[in-house]
Amino acid sequence: TMAGKSVEDILEQGIHGVKEINPAERKKFLGTLRERIVIALFQSEVRAKVIDPKVKSLFEAHKDANLFLNGNVAYTDLSKYMKAANDYGIAYTIVNNKEYNSEIGLVLAYDYAIDQEHIYLNEMKPELHTVEEVKQEKKSFFQKLKLSRFLKS
């Protein structure tokens with residue numbers, strides 16, 4: 001309907017088509033929306049030498065999702081994810097945006113809303129703890145136990 005729209009809006013729409021919903025969000029998330037995302041990795045995470053096991057398990061669990069890769073990240077860093085996507089049968093797209101370099105390096109998303117609460121690796125605790133961290137935690141737990149026994153006696 002025309003109600004509530006300014007003449008400028010209507011002209012603008014006539015010239016450029018319907019305005020994109022949440023352009024800033026789409027720019028950040030490589031063309032998709034937050035509500036559709038399974039996982040988003042920062043560029044620094046994408047540049048890590050190996051793919052985090054948590055990411056691989058999400059690839060395996062969401063083979064029908066689409067992978068969006070930030071074309072501003074070096075091809076050598078993206079290639080391991082392209083290979084993984086091929087291994088799991090996930091469709092991927094390299095998103096080239098020369099005007100805007102998002103801090104996000106990779107997004108696994110559906111083309112509809114799934115409203116996942118946590119989309120960043122560092123939020124996906126506790127599955128993410130490395131073996132070393134778990135060892136440390138166990139150790140400190142036992143140290144606390146010993147200490148509490150010691151304090152009681």
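**Figure 1. Surroundings of Y112 in the loop between β4 and α6.** In this predicted model, Y112 is in contact with E35 and R36 once its neighbours within four places in sequence are left aside. The C-alpha atoms of Y112 and R36 are 5.6 Å apart in space, although the two residues are 76 positions apart in sequence. Y112 has a relative accessible area of 46% and therefore counts as partly exposed.

**Figure 2. The chain as a whole, shown for orientation of the close-up views that follow.** The chain contains six helices and four strands, and from the N terminus on these elements follow the order α-α-β-α-α-β-α-β-β-α. Of its 153 residues, 30% count as buried. Among the contacts in the chain with a separation of 6 or more, 79% are between residues that stand 24 or more positions apart.

**Figure 3. Helix α4 and the elements that cover its buried residues.** Helix α4 spans residues 53-61, and its buried residues are K54, V55, L58 and F59. Seen down the axis of α4, these buried residues fall within an arc of 145°, so they line one face of the helix. The face of α4 turned away from this buried side carries the exposed residues P53 and A61. The cover over the buried residues of α4 includes the strands β1 (37-42), β2 (66-70) and β4 (104-109), together with helix α5 (75-88). At the start of α4, a side-chain oxygen of D52 comes to within 2.8 Å of the backbone nitrogen of K54, a residue that is itself among the buried ones of this helix.

**Figure 4. Aromatic pairs, with F42 and Y120 shown together with F59 and Y88.** A search of the whole structure finds three aromatic pairs, of which two are described here. The ring centres of F42 and Y120 are 5.1 Å apart and the ring planes lie at 15°, so this pair is stacked. F42 belongs to strand β1, whereas Y120 lies in the loop between β4 and α6 (131-152), so the pair ties together parts of the chain that are 78 residues apart in sequence. F42 is partly exposed, with a relative accessible area of 25%, while Y120, with a relative accessible area of 14%, is buried. The rings of F59 and Y88 have their centres 6.3 Å apart and their planes at 90°, so this pair is edge-to-face. This second pair also links distant parts of the chain, with F59 in helix α4 and Y88 in helix α5, 29 residues apart. Both F59 and Y88 are buried.

**Figure 5. The two salt bridges counted in the structure.** E103 forms a salt bridge with K28, in which the closest N and O atoms are 3.6 Å apart. E103 lies in the loop between β3 (91-95) and β4, and K28 lies in helix α2 (residues 23-28), so this pair ties together parts that are 75 residues apart in sequence. E103 counts as partly exposed at 46% relative accessibility, and K28 is likewise partly exposed, with a relative accessible area of 25%. The other salt bridge joins the side chains of D87 and K83, at 3.1 Å from N to O. D87 and K83 are four residues apart in helix α5 and are therefore separated by about one helical turn. Both D87 and K83 are exposed.

**Figure 6. The buried residue S102 and its polar contacts.** S102 is found in the loop between β3 and β4, and at 2% relative accessibility it counts as buried. The side chain of S102 reaches the backbone oxygen of K28 at 2.6 Å, and a polar atom of the same S102 side chain lies 2.9 Å from the backbone nitrogen of I104. Leaving aside neighbours within four places in sequence, S102 is in contact with K27, K28, L30, Q43 and N70. K28, which accepts the approach of S102 through its backbone oxygen, also forms the salt bridge with E103.

**Figure 7. The charged residue K27 and the ring of Y100.** K27 lies over the face of Y100, at 4.7 Å from the ring centre. K27 is also one of the residues in contact with S102.

Definitions and conventions. Residues numbered from 1 in each chain as written. Predicted model: local features only at pLDDT ≥ 70, side-chain atom pairs only at ≥ 80, totals over all residues. Heavy atoms only, no water. Buried < 20%, exposed > 50% of the residue type's maximum accessible area, 1.4 Å probe, protein only. Helix = DSSP H or I, 4+ residues; strand = E, 2+ residues; numbered from the N terminus. Arc of directions from axis to C-beta. Contact = heavy atoms within 4.5 Å. Polar contact = N/O pair within 3.5 Å; in protein donor to acceptor, adjacent residues only side chain to side chain. Phe/Tyr/Trp six-rings, centres within 6.5 Å; stacked < 30°, edge-to-face > 60°. Lys NZ or Arg CZ within 6 Å of the ring centre and 35° of its normal. Salt bridge = Lys/Arg side-chain N within 4 Å of Asp/Glu carboxyl O.
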